[in-house]
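Subject: Structure handover and notes

Hello,

Here is the structure you were expecting. My notes follow below it.

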Amino acid sequence: MPSPPLSIVQSLSPRIAVLTSQDVVQSCEANGCRGLEELLRPWEGGTERVSILSTTLSPTIHPTFPVRFVSFESVYTNPALSAPGPDVTVDLISSFVGAKKPDEEQHYAITRSLLLSSRPLASHETFNHPVGILFAVSTVTPDPLGTLNKLHAQSSSSAIQNVPWMDGSTVLRFYVVVHDVNTMGDDMAPAHELLANVKKAYGPHSTLLVINSQIEHREPPMSPDVATHPSIPLPRPFTPEQSNPSALSQVYASALSSLTLSPMAAASASLGESAVSDTPFSPSRPVRRKLYGAKLTAEDTQRLAALVRELVVQSLVPWMEARVREWNEVYHANRRGITGRLFGAGRKFFGSRPNSPAPGTTPTGYNTVKGYYPTSAVEALSRRLADFSFMLRDYKFAGSVYDSLRKDFAQDRAWRYAAGATEMYGLCLLLSHPFFLPSSPPTKPVSFTNLQHTEITSWLEQAVTAYHQHSPITQIQLDALRITVLYYEAWKAIGEWRSVGYCLVKGSGESDEVPSAVMIEEAAAADVKGGKSQKGKRRRAFHLVLAARRFETAGLKTYSRRCLERASQIYRDSPWTSAQDRIEYSLGRQAYTLGESDVAVEHFLRLLRREDTGVPGSQAGPLQDMAQAYEQLASRPDLLAESSEKLQLPTPIFDIQKTRIVPSAEASTSGSTRERWVELESQALNTWDRKGKRPMTLLPDEKRIVVGVDETFQVELSATNPLNAPLILKDVTVAFDTTENINIESIPEITLDPYETRTISISVTPLSASLSTIKLSNVTFLFHEFLPCTQSLIRKGKRLHATKAQRINPTYAEDQSLTVSITPSQAGLYVELKGIPEMLYEGEEAEGKVRLKNRGKLKIGNLGMIWNEYGSIRRKVDTKHQDTSDTNIPNIIQSNTIQPFYDEDIPPGEGREIPIIFTATKTGPIDLLGLILFSNPDDDTTTTSATSVYHHVVVRPLLRLNAQIRSTGVEVQEYMIVLETTNQSSEVVRIDSIDGISPAWVIDTSQSCETLHPNQALRSLLSIKYDSSHQHDLRQTNVIEALGNLVKGQPIEEVSTSLQSDISISNKSLTSDRLQSYLVHRRSNRLEDLSAHFPTIPPTYFNRLFQLVEPLHLDLVVNYSIVPSTSSTEVQPRKGFAYIHTLNPSPSFSLVKTLREEINQLIISGNKSQRTMYEETSRLRRLLMTSVLDGILSKEDDPVKVKVRVPDANRGKVIHDFKKNGPKKLPIIFEISNQSPLLPVRYVLNLPQPSSLNNDDISTPQYIGSLVRKGTIVPNGKEIVKVDIWICEPCLTSLGGWELRTELGELQQEDGQWIARRSWSRVGDEQVLEIKGL
Amino acid sequence: MSFYLAIVSPLDSPLFELSFPSAKPPPGSSSASSTSSFPSWSTFTAANGSDLGADGPGAKVGGSMGLLSGESKTGPERDRAMCQMIAHKSLDSVEEMMDGTGSLYLKNIDRHNEWIVSAFIATNVKFILLHDIKNDDGIRLFFLDVWESYVKILLNPFHTVNTPIRNPVFESKIRASAKRNL
């Protein structure tokens, strides 16, 4: 049956003071009770089904009606006995709560009981004021009526009452005659007689109580329960069948030890009064067993319960109803008066109080000095009226009275009264909820509307605020707490959770005492109730943190930790890092102070995760704390062993993805340049000419790391400091899946700056090949010098998607990148390139060394090398000067092949240094990749192995060369070259000499010694001459034939030129060193040219189709040295060569003339047209045909040069005495030279007719003789044509206007027929000749 | 006189946090009214050092643990933890309020001691502002500015609603707006 929660009703129930004669006390003490009130205590709440009339005179049956029996002294003479002071209460609560374990969940119940029952006798409310007095005399008393008289007088004398604001006289008086069977026997007659007397004297409110009916001695029960019970179900009286001394004693023990029912006992125990020291209420002390109810029988208990019921139903409730009605009249009368104040003048004129006293004698208003209303004041009366109707559960009426009181009190500035009325008003509103009506069925309550709820909350808030306002902040406000608890209980009953947590927090105020901590924790619990499941979790976390802090300040560490742990579970889900860290830190610190260093270390560890937003260096503190905690933990090996698995770093230090295994001292052949290595490898394998078997591969397998026994390799780890404080890693080492026969280095100590990432190399040496593979499994280290950590380095491979099962469950391939294969010792060569600077200039020759070391166990020899840049590295030959007799140079475009590198053998363990020369052929960054091949010279069957070398060079431009060729005009094939050399660099360059290299041209070498500063230019003149004695095939018939086959459709694989292996050059003074350099440059330039001109021919076939040097080509070499900036002589001067390639002084002629005709013939005849399947193929073929037939090889230049001369002229003037000698016949010479080195030229020279259209100034010459001259000029030949002009008077004459038609052709060998190739025509320029008469 | 702004993702993680002081002097009336019901309540941290009780009576048990007794936490760090907790807790109130109102700006939805919490519901993230004086209009304008900046961040196709914002331009914009409005 619903009703207001028992805790509310109980704590606000009517209080009845018990005043007894001494012999009654003695009878009670026989039962272990200190008075009649204690004997009645178990039964005081047991009154059921009480019918109460409300102010509207409607009777309501309430399920229970508890009352509180207290001793007379505690109410009247010594109120401090009934309720301990606030400080004592707080201490009591903390000691009781502290004695319980958090898991028992008793902290709130204890706090609630103690708070509610420690309500002091206060002026601003009347709940603790006595409602009635129970007088008891015993039949044992010698003069029972006299004693009763005395007792009555004692109660009614006002002197005994030591507080002025309590109305101790307007109370119900109830009289009990106690008959102690144990002392007086079974005879009830004297008792009834006495009762009749008492009734006669004191009226009907009197009854008889028979106790101690148990006469014979009973065995004490085995184990009386003496523990403290915060709340127990109210006992029912025993029926005779149930009579059980043990149960009876237990009922008494629990009732007397119950904090709800008898708070005073607990308080007294704690106060240390000797009189009550035997009561079992100190939480820590062991208590004496005590037997209760030894003399009581089951009938006695029924009689006791009946007494209480009689008292309540027959006397108390009717009396209170009567008082309510009576006071209601007064209240209404005054209320009219009070409202009348609004219209009238002063309050005393309207004070139509029943006993309106004269002003000054007894003050009726608020006593502002002492802070109370006198009992006669209407406000005090009204308050009592309201409290009475509250106790009678007429909440609506009580609420209206409280409401008006609230306003009046506020007007009088009686803040405590006002707060009390306010809180009760709110509570009345709350308890008016239909759920609390006894008639309503016990269903799920309908909640308040928002508005109602807000109103109730606001009343509570107002009252709480008022309490907090009028006291220091840190002092605890028990009043506020009490009322909050009452509200909370009511809310709990109706299932109202909206903003309950907030009110609880508010009510608990600011003080750091246990009660407020308990309340806040309760608030946290209230947060998550009601509403959806996840709602309020965050608020709960916050309240838990607050509660934890208060618990800790109050000294209850266990509760504090529990709160923090619960909070941290919520915060751990969400990345509010700062709050999270704070909680973890506190938890860790608390655990440490409690000696649980393993938990402490665990908490501190959680703080050490990566967080970017923190204050720099803030993680240093936890790190140090953790070190201390761990030190303590380490001193307890059992704990350490248990917790070691849990101690994992939150952020891993080492990046698994960046972990690599690097075979020692070898340049890596993986990564982005892998394709170039593969290309180099295929070049080496394609041109294999070594002894022994050709290996399948030369490069180390990218996927598989192979290491020989006793060879050291490196494990590269990438360590990152996740903290914002410096971190020390100690004893870093790695572990493989096996520990046998591996020698692993350990790095003693590394200090990482905040957030630093560093690569750590650990050397590992396998000692035996008994295991074929070892796999890297983990890395171990001491985190910050103390915490041993192990991080797994096992990597997952690619995600597999092959089967359905793999797609459903993520399956990964095995990763091989951290697996090392160990082979028995193999031949090994260590190669290092030394002495080549990082930066070079174009054409510079740098001398360096290749350092070789045999690190294997076997002798090696037959060393060869191959580089991806052909010829850029060559062995430095001993500097003996080449004999000048050998002027032939290789004329084949060398393919990139394995070059012999070192002929001798290298025994195991020995090293060699081989001098080399590096030539920079082109500008830009050069990645120089090389393979040094070697094999065992003694054993032809061994395969060849290779070691890779890598070097990176940046080449910068130094000199810019620009050449212009001019004919000298003296001889047919004599030219001048104007070579302009510009220094593009910032170095000072000295030009030592300029050479020319050509098969067919002779260059006079100029030995200059000019110094070029940056941006300076040098212009030099070189004269060249055609060496007509050479034997070269100018037509390059072999090349053209091969190209012809190609064009005719032969597959390129089958076409090859029968190439001449060498060609003689005209320059005799080249040293072999310079020649080597020249060939390298020439080759790269030639390949470049060819690929530009023949885009359709794959570059790999150039060396089969073309020669390196064409006979008519001329290359110039500028021999330079860089002047060192410092004058020290020790520095080797840097030297080099700058080249200008493929100059051709003579006019070029088509080499493919005959081929073209042949092809044309074929096309016309149509029988050779090949059909292709794809458009692209035919396009490529057309392109090839164009590039061959119409490209560079088909270029025809006009080989003819004409020079017109007047032999008689002197500086353009001819002086003739016309008067004396008459007209002049002036001879003119046409020098026509054929510069073509191979082909003859036919010419026709047409001399012009004199023109009449000339202007007056310049006359046209009048040629005489044959006006058309013809002839043929042999290659390299010159023909002189002499003509005359006729001049009759001094004049200016122009020698231009002639027309020369030339035709290049050749005479066929067989029939001497002229085959024309191409013809040109030219007209002579205006060339003015002055003819002057004398 | 300080503010703390947090942008909270739908998964309750802070995307952006910023605490900044006020630019304007406190208007006397509003500050008085804001704290009228709690006149003497101290700030959460001022009364006895750190909130989590680093200087509680039992904290010295460790003896040698000098660092354990609270010196390691600097003031701003402590405040930040507090602000985070209040902001985190107020999300509950925001979600309660969200259902019942149509407006995006929820003013003074929650409070803890001197801190007042206002919120702004921008699509599915929430802006939570902790402030200690009442300045409804200023805060509303400030929120609108933040919203605008946030929408610009959101235009980035690589930005998801749960990506933390680490854009310095965004921060400077918000600081400028705070200077203007708060």
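Helices and strands here are DSSP runs, at least four residues for a helix and at least two for a strand, numbered from the N terminus. Please keep in mind that this is a predicted model.

With those labels, A:Asp1190 falls in the loop between helix H33 (1175-1189) and S39 of chain A. Its relative accessibility is 43%, so A:Asp1190 counts as partly exposed, given that the partly exposed class lies between 20% and 50%. Not counting residues up to four places away in sequence, A:Asp1190 touches A:Arg1156 and A:Met1185. With A:Arg1156 there is also a polar contact of 2.3 Å, side chain to side chain. A:Ser1150 is 40 residues from A:Asp1190 along the chain, and the C-alpha atoms of the two are separated by 9.2 Å.

The strand after that loop, S39, belongs to an open sheet of 4 strands in chain A, with the order S39-S41-S46-S44 and antiparallel pairing. Strands S39 (1200-1205) and S44 (1262-1264) of chain A are at the edges with a single partner strand each, so one side of each has no neighbour in the sheet. From one strand to the next the twist averages 35°. The pairing of S44(A) with strand S46 (residues 1278-1287) of chain A is antiparallel and runs over 3 bridges. In that pairing A:Gln1262 lies opposite A:Trp1286 of S46(A).

Elsewhere in chain A, strand S23 (residues 861-867) is mostly covered, with 6 of its 7 residues buried. S23(A) pairs in the antiparallel sense with strand S28 (residues 924-935) of chain A over 5 bridges. An antiparallel pairing over 3 bridges links S23(A) to strand S26 (residues 899-902) of chain A. A:Met865 appears in both pairings: A:Ile932 in S28(A) stands opposite A:Met865, and so does A:Gln899 in S26(A).

The last item is A:His107, in helix H6 (residues 107-117) of chain A. Is this residue, A:His107, buried or exposed? A:His107 has a relative accessible area of 3%, so it is buried, the limit being under 20%. Leaving aside neighbours within four places in sequence, the residues in contact with A:His107 are A:Val97, A:Val518, A:Glu521, A:Tyr559 and A:Arg562. With A:Glu521, the side chain of A:His107 makes a side-chain polar contact at 3.5 Å.

Regards

Definitions and conventions
Residues are numbered from 1 along each chain as its sequence is written. Chains are lettered from A and ligands numbered from 1 in the order in which they are written. This is a predicted model: local features need pLDDT of at least 70, side-chain atom pairs count only at pLDDT 80 or more; totals for chains, interfaces and linings use all residues. Side-chain values use heavy atoms; hydrogens and water are left out. Two strands pair if DSSP finds at least two bridges between them. Axes are lines fitted to C-alpha atoms, for helices over the stretch in contact, and angles run from 0 to 180 degrees between N-to-C directions. Buried means under 20% relative accessible area, exposed over 50%, partly exposed in between (1.4 Å probe, protein chains only). A polar contact is a pair of N or O atoms within 3.5 Å; within protein, one must be able to donate a hydrogen and the other to accept it, and residues adjacent in sequence count only if both atoms are side-chain atoms. Contact means heavy atoms within 4.5 Å.
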